[in-house]
Amino acid sequence: QVQLVESGGGLVQPGGSLRLSCAASGPISSIYNMAWYRQAPGKQRELVAHITRRGTTNYADSVKGRFTISRDNAENTVYLQMSSLKPEDTAVYYCNADVQRRWDMRASAYWGQGTQVTVAS
């Protein structure tokens, strides 16, 4: 089965940086769009950043200029470099990917288990 495993979360002071990684594994034929979402306590899950297979990116207004999404297609991995972190960035961050398995005719959406990011002094 396809699995997405995030890593890199933790506690960081305001103004600090973190790099999240998400590696996909399993019977993968292709991975199309990949994205990072986040969910803060009491709030709905929101899109943070999105990247196409060719590398076209878009970001939530709240993170533009501070976060950078990238991917390594050979490693089936997506990254989120987060800089100038603010307390309001505190949330569980989830990886999302559109994955076509070897025997599938089309892709389906998969989610990681989430990784906690806490920004506090």
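**Note on an all-strand model, with attention to Met 82 and Asp 89**

1. Asp 89 sits in the loop that links E8 to strand E9, the latter covering residues 91–101. The model is predicted, and the remarks here concern that model alone.

2. Despite its loop position, Asp 89 is buried, because its relative accessible area is 1% and the cut-off for buried is under 20%. A polar atom of the Asp 89 side chain lies 2.8 Å from the backbone nitrogen of Lys 86. This pair falls within the 3.5 Å limit for a polar contact.

3. Which residues does Asp 89 contact once neighbours within four places in sequence are left aside? They are Arg 38, Arg 66, Phe 67, Ser 84, Val 117 and Val 119. The list includes two arginines, Arg 38 and Arg 66.

4. Met 82 belongs to strand E8, which runs over residues 77–82. Is Met 82 buried or exposed? Met 82 is buried, since its relative accessible area is 0%.

5. Not counting residues up to four places away in sequence, Met 82 touches Gly 16, Ser 17, Leu 18, Leu 20, Arg 66, Phe 67, Tyr 93 and Val 117. For Ser 17 there is also a backbone distance: its C-alpha atom is separated from that of Met 82 by 5.4 Å, although the two residues are 65 apart along the chain.

6. Arg 66, Phe 67 and Val 117 appear among the contacts of Met 82 and also among those of Asp 89. The strand residue and the loop residue therefore have contact partners in common, and each is buried by the under 20% criterion.

7. For the protein as a whole, the secondary structure consists of eleven strands and zero helices. The order along the sequence is β-β-β-β-β-β-β-β-β-β-β. With a radius of gyration of 14 Å, close to the 14 Å given by the globule rule for 121 residues, the protein is as compact as a globular protein of that length. The C-alpha trace spans about 50 × 25 × 25 Å along its principal axes.

8. Of the 121 residues, 42% count as buried. Contacts between residues at least 6 apart in sequence join residues at least 24 apart in 56% of cases.

9. The exposed surface comes to about 6600 Å², and carbon and sulfur atoms supply 45% of that area. There are 13 positive and 9 negative side chains, and the centres of these two sets are 3 Å apart.

Key
Residues numbered from 1 in each chain as written. Predicted model: local features only at pLDDT ≥ 70, side-chain atom pairs only at ≥ 80, totals over all residues. Heavy atoms only, no water. Helix = DSSP H or I, 4+ residues; strand = E, 2+ residues; numbered from the N terminus. Buried < 20%, exposed > 50% of the residue type's maximum accessible area, 1.4 Å probe, protein only. Contact = heavy atoms within 4.5 Å. Polar contact = N/O pair within 3.5 Å; in protein donor to acceptor, adjacent residues only side chain to side chain. Rg over C-alpha atoms; globule rule 2.2 N^0.38 Å. Areas by Shrake-Rupley, 256 points an atom, 1.4 Å probe, with all protein chains shown as cover. Lys, Arg positive; Asp, Glu negative; His and termini not counted. Charge placed at Lys NZ, Arg CZ, Asp CG, Glu CD.
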